[in-house]
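Thanks for asking me to look this one over. Here are my notes, set out as numbered points for you to follow alongside the structure.

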Amino acid sequence: MLDILTRGTEEPEGDSLPKPWVCIVMGSDSDAEVMSQVADALEELDVPYEMLVSSAHRSPERTRQVIQDGEKNGAAVFIAGAGAAAHLPGVVASFTTRPVIGVPLQGSPLFGLDSLFAIAQMPAGVPVATVAIGMAGARNAGILAAQILAVSDDALARRLQAMRQSMADAVEQKSKKVERSNRKGK
Ligand code: AIR
């Protein structure tokens, strides 16, 4: 078993079940900057996660082990990010029936379109929920994973509502700024 994925093996305190967590996998350390958006979103929502590197092509056996150990140890949702021939999310989905979210990354000469198509075009029977290319997609992957967990976690659902409210408040603030500067120009 990989050391990094042993959290579920700890004895839960009292009768409480171990908290479901999110397993984030990326194809290379060169994906880490964009994929850190996933971690930021999960931290804002107080959702536990683990983040690691495994390549569908360069380390297929490690990838299989990461997913199987993660599932055994309570990973409730998997998020996989990769660029170029981005087969990682699909391969992750082939090893688990838990929800898998794929993040297409844009580092390649094809600007992530290759990755988007590779992740979105899964064969019927093995779904991967695909988000937008790059930073926005990575943040949305974290929020979507939290939304999946919130189906059975009311406190998390309330934190998601608060996140939506703060976005709506920010839009109002931005509008006030634009309205003010427009008045000045008249
Ligand atoms: N990649 C790694 N193994 C398989 C794939 N498709 C992806 C990584 C990264 C890109 O190839 O997810 O986005 C380039 O990786 P590297 O390590 O060469 O920087």
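**Notes on the fold**

1. Helix α2 (residues 60-72) lies across β1, β2 and β3 (75-83), and its direction makes an angle of about 155 degrees with β3. Axes here are lines fitted to C-alpha atoms, for helices over the stretch in contact, with angles from 0 to 180 degrees between N-to-C directions; two residues are in contact if their C-beta atoms, placed from the backbone, lie within 7 Å. Helices (H or I, at least four residues) and strands (E, at least two) are DSSP runs, numbered from the N terminus.

2. A word on the source: this is a predicted model, in which local features need pLDDT of at least 70, side-chain atom pairs count only at pLDDT 80 or more, and totals for chains, interfaces and linings use all residues. Residues are numbered from 1 along each chain as its sequence is written.

3. On confidence, the chain averages a pLDDT of 93, and 89% of the residues score at least 70. pLDDT is the predictor's confidence in each residue, from 0 to 100. Among the elements, β4 has the highest mean, 99, and helix α6 (residues 154-184) the lowest, 95.

4. The chain holds 6 helices and 5 strands, which run β-α-β-α-β-α-β-α-β-α-α from the N terminus. The open sheet has the strand order β2-β1-β3-β4-β5, with parallel pairing. Its edge strands, β2 (49-53) and β5 (129-130), each pair on one side only. Two strands pair if DSSP finds at least two bridges between them.

5. Have a good look at β1 (residues 21-26), which pairs with β2 in the parallel sense over 5 bridges and with β3, also parallel, over 6 bridges. Towards β2, valine 22 has tyrosine 49 as its bridge partner, and valine 25 has leucine 52. Towards β3, tryptophan 21 is matched with alanine 75.

6. How many residues of β1 are buried? The count is 6 of its 6 residues, where buried means 20 or more other C-beta atoms, placed from the backbone, within 10 Å of a residue's own. Trp21, Cys23 and Val25 cover one side, while Val22, Ile24 and Met26 are on the other.

7. A second helix, α4 (residues 113-120), lies across β3, β4 (100-105) and β5, running at about 160 degrees to β4.

8. Finally, the ligand: of the 15 residues around it, Gly27, Ser28, Ser30, Ser55 and Gly83 come nearest. A residue is near if its C-beta atom, placed from the backbone, lies within 6 Å.

Notes: A residue is buried if 20 or more other C-beta atoms lie within 10 Å of its own, exposed if 12 or fewer, and partly exposed in between; C-beta atoms are placed from the backbone.
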